[in-house]
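Colleague: I'm new to this one, and I'd like a close look at a single part. Could you walk me through how the two domains of the second chain sit against each other, and then place that in its surroundings?

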Amino acid sequence: MISNSELVKKYFRYNKKFPHIWCPGCGIGTILGSMLRAIDDLELEKDDIAFVSGIGCTGRAPVYVDFNTLHTTHGRALPFATGLKLARPELKVIVATGDGDSTAIGGNHLIHACRRNIDITTIIFNNYIYGMTGGQYSPTTPHGDKAYTCKLGNIERPFNISALVEAAGATFVGRSTSYHTLQLKNIIKRAIQHKGFSVVEVITHCPTTYGRINRKGGAVEMLEWQKEVAVDREKAAKMSPEELEGKIVTGILLERELPEFCEQYDTIIEKAQSLDKG
Amino acid sequence: MAKRVGIEVSLAISEAVKQAKVDAVAAYPITPQTHIVEHLSELVADAELDAAFIPVESEHSAMSVCAGTAAAGARTYTATSSQGLALMNEILYIIPALRLPIVMTIANRALSGPISIWNDHSDIMGARDTGWIALFAENGQEAYDLTLQSFKIAEDHRVLLPISVNIDGFTLSHVIEPHEFLDQEEVDAFLPEYRPAVQLNPDQPVSMGMVGVPEIYAEAKKCQDEVLKNSEAVIKEVFAEFATRFGREYRVVESYRAEGAETLLLTMGSVSETAMEAIDILRDRQQRSVGLIRLRLWRPFPVAELRRAVAGCRRLAVLDRAVSFGATGGPVAEEVRSALYGIDGAPYVGSFIAGLGGRDITIDDFIALAGQVEKMAETNEIHQYKMTGVRE
């Protein structure tokens, strides 16, 4: 496997864009590391990848890496990526987005990208909070947990992102955590190889806001929590609902083959053109 | 004299909103506005403010929720910046058309791209034609005072229009300044309870948001513009009452050492205070005849007051903090040129753009600007705009 220093030199704009803005202990860098190792394992050309993001802490990820990168507006990474993919279907399009970016302000785009089954890999960095703006609750903040806009506890119920995207029509759904870096790398590999709309939900930690206000400890304690609550899908299948209470099922949760959008689009264009000639 | 309290300007604005006893706040987090709404959420959580606090999933939803609460007769407040204001744009047009007196703080910030979180006036210029009254504050005290006065102006039955109070992002929103707060009794006496002219009420049903067929649309728009223009008189009334009650005086067009000045600078927002320092140097140390005009009211544009303020000066340097792409000048300068067009003895108007995306504008920049406009006026230099300090 590629060493850390090789990884940095090969994939990061380290001499231009470092130091990064993420807080000490943040999980985003770890997830980005798993993604880069997955890309390295797949031996993809850097120029064949388009890495797209919206706004927020996660939105900064494309700034630091040496692919074709597109840093868009809040919530709009998926529409930008959809246009990009349709115009250049030969590119591997990967979207990095946070829970607020993808399920609040960009929530509509997420479900429609799933429904369309366009060949894009979306990695959702789910830290349960808006970190960059200082800790407001997001659509994934657990019920009863605190944020700086719900100091007495969240009265809204959170989205289960993996269930949401499955119901919306994604054809690949994986979930892991920023603790399980090897599992995460392997899921991202499979997601990139999958033909269709693939979502990888990564449970991660924000020690600065969510961790602090909910007294979850520092980054280490929050990583330990991820280790404790994560249950691999195969193991989970043998557990009772009571045993699964409070656990997070990880692994490849869904993989199905359905017609991909760009391919169908080409087919319909061919059909339309043959009608003209006919 | 009331006690002066050192507090972050964002929190002072929250205090004004609390003292105005708003009924509803809906917002979405965006830098550099966030502290205002976050503090309001604390005030609601701590039962210091009895309001519906509604965090939503985007600014588009925030302004939509505000439309709903205001239509139901609630005193409604929100705050945003930059991309957030841009995302609200569709609903911004609806609010004045429905005559909903919402008050919004805009912590002014540049628009993408390139992505910038720093201060300029691009955001409000993009919302210029939405039909909102737009006021500019130069410091924290003004932000506090204007917020309180805005509720009274907006809710006056001769107005019933939304108001944006513009404060420079970071430069004002994130600094700690001394503020004199009013007592709650003083605020209550100044700002009566909101009485909606029309509201959604099941006992007295009304329809809002109707279709305007070609036979009526033009009349509706003309009415809206008349109401907006006429609001200037109410704004002045409220400013006058505030001055009588509390001793702090506001004008729709402010001036600083402008009497008899041959050259005037014209600014909006917090940079005006830097400009005042420059004027002092120009007047006192260099004995030059230079003064300053500051627009407090941007919409409706105070045409008559501006003409009065610049009468007799020979040159006017208008500082814009936004680019109106492909236009004939900076957005404020264009407006000023139009307002002065055809007026006998109107001054030469220089359009200058500076301070984009958080770039500082210094005292020396203003001193240089005065010299530059004087030189340009000598040859009556025809230009669209000059961008100050730009690397070409």
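Modeller: Happy to. The centres of domain 1 of chain B and domain 2 of chain B, taken over C-alpha atoms, are 28 Å apart. Keep in mind that this is a predicted model. Domain 1 covers residues 4–246 of chain B, and domain 2 covers 253–387.

So where do they touch? On the domain 1 side, 31 residues of chain B make contact, and they meet 26 residues of domain 2 of chain B. Together the two domains of chain B bury about 2200 Å², with 54% of that on carbon and sulfur atoms. If you want residues to click on in domain 1, go for Arg128(B), Phe136(B) and Glu138(B): they lose the most area to domain 2 of chain B, and together they make up 31% of what the domain 1 side buries.

Now for the charged and polar links. Between domain 1 and domain 2 of chain B there are 4 salt bridges. One of them to look up is Lys236(B) with Glu305(B), where the closest N and O atoms are 2.7 Å apart. There are also 12 residue pairs in polar contact between these two domains of chain B, counting pairs with both residues at pLDDT 80 or more.

Which elements of domain 1 supply this side? Two or more residues each come from helix 5 (122–126), strand 6 (133–136), helix 6 (140–155) and helix 8 (214–246) of chain B. Helix 8 of chain B has the largest share, with 7 residues. By class, the domain 1 side that touches domain 2 of chain B splits into 15 nonpolar, 7 polar and 9 charged residues.

That's the part you asked about, so let's step out to the neighbour. Chain B puts 17 residues in contact with 19 residues of chain A. About 1300 Å² is buried between chain B and chain A, and carbon and sulfur atoms give 63% of it. Across this interface there is 1 salt bridge. Lys151(A) forms a salt bridge with Glu42(B), and their closest N and O atoms are 2.8 Å apart. Alongside that, 6 residue pairs are in polar contact across the interface of chain B and chain A, again with both residues at pLDDT 80 or more.

On the chain B side of that interface, helix 2 (34–45), strand 3 (52–55) and helix 4 (82–97) each supply at least two residues. Helix 2 of chain B gives the most, with 5 residues. The classes on this side of chain B come to 8 nonpolar, 5 polar and 4 charged residues.

One last stop, inside chain A. Helix 5 (residues 77–87) and helix 7 (residues 107–116) of chain A have axes that come within 8 Å and cross at roughly 35 degrees. Helix 5 of chain A brings Leu78(A), Pro79(A) and Thr82(A) to the contact, while helix 7 of chain A brings His109(A), Leu110(A), Ala113(A) and Arg116(A). That makes 4 nonpolar, 2 polar and 1 charged residues in the contact of these two helices of chain A.

Also in chain A, Asp119(A) forms a salt bridge with Lys85(A), with the closest N and O atoms 3.6 Å apart. This pair links distant parts of the chain, 34 residues apart: Asp119(A) lies in the loop between helix 7 and strand 4 (120–126) of chain A, and Lys85(A) lies in helix 5 of chain A. Over all chains, the salt bridges number 39.

Key. Residues are numbered from 1 along each chain as its sequence is written. Chains are lettered from A and ligands numbered from 1 in the order in which they are written. This is a predicted model: local features need pLDDT of at least 70, side-chain atom pairs count only at pLDDT 80 or more; totals for chains, interfaces and linings use all residues. Side-chain values use heavy atoms; hydrogens and water are left out. Domain bounds come from an automatic or database domain assignment. Contact means heavy atoms within 4.5 Å. Buried area is the accessible area (1.4 Å probe) that two parts lose on being put together, summed over both. A salt bridge is a side-chain nitrogen of Lys or Arg within 4 Å of a carboxyl oxygen of Asp or Glu. A polar contact is a pair of N or O atoms within 3.5 Å; within protein, one must be able to donate a hydrogen and the other to accept it, and residues adjacent in sequence count only if both atoms are side-chain atoms. Helices (H or I, at least four residues) and strands (E, at least two) are DSSP runs, numbered from the N terminus. Ala, Val, Leu, Ile, Met, Phe, Trp, Tyr, Cys and Pro count as nonpolar, Asp, Glu, Lys and Arg as charged, and the others, Gly among them, as polar. Axes are lines fitted to C-alpha atoms, for helices over the stretch in contact, and angles run from 0 to 180 degrees between N-to-C directions.
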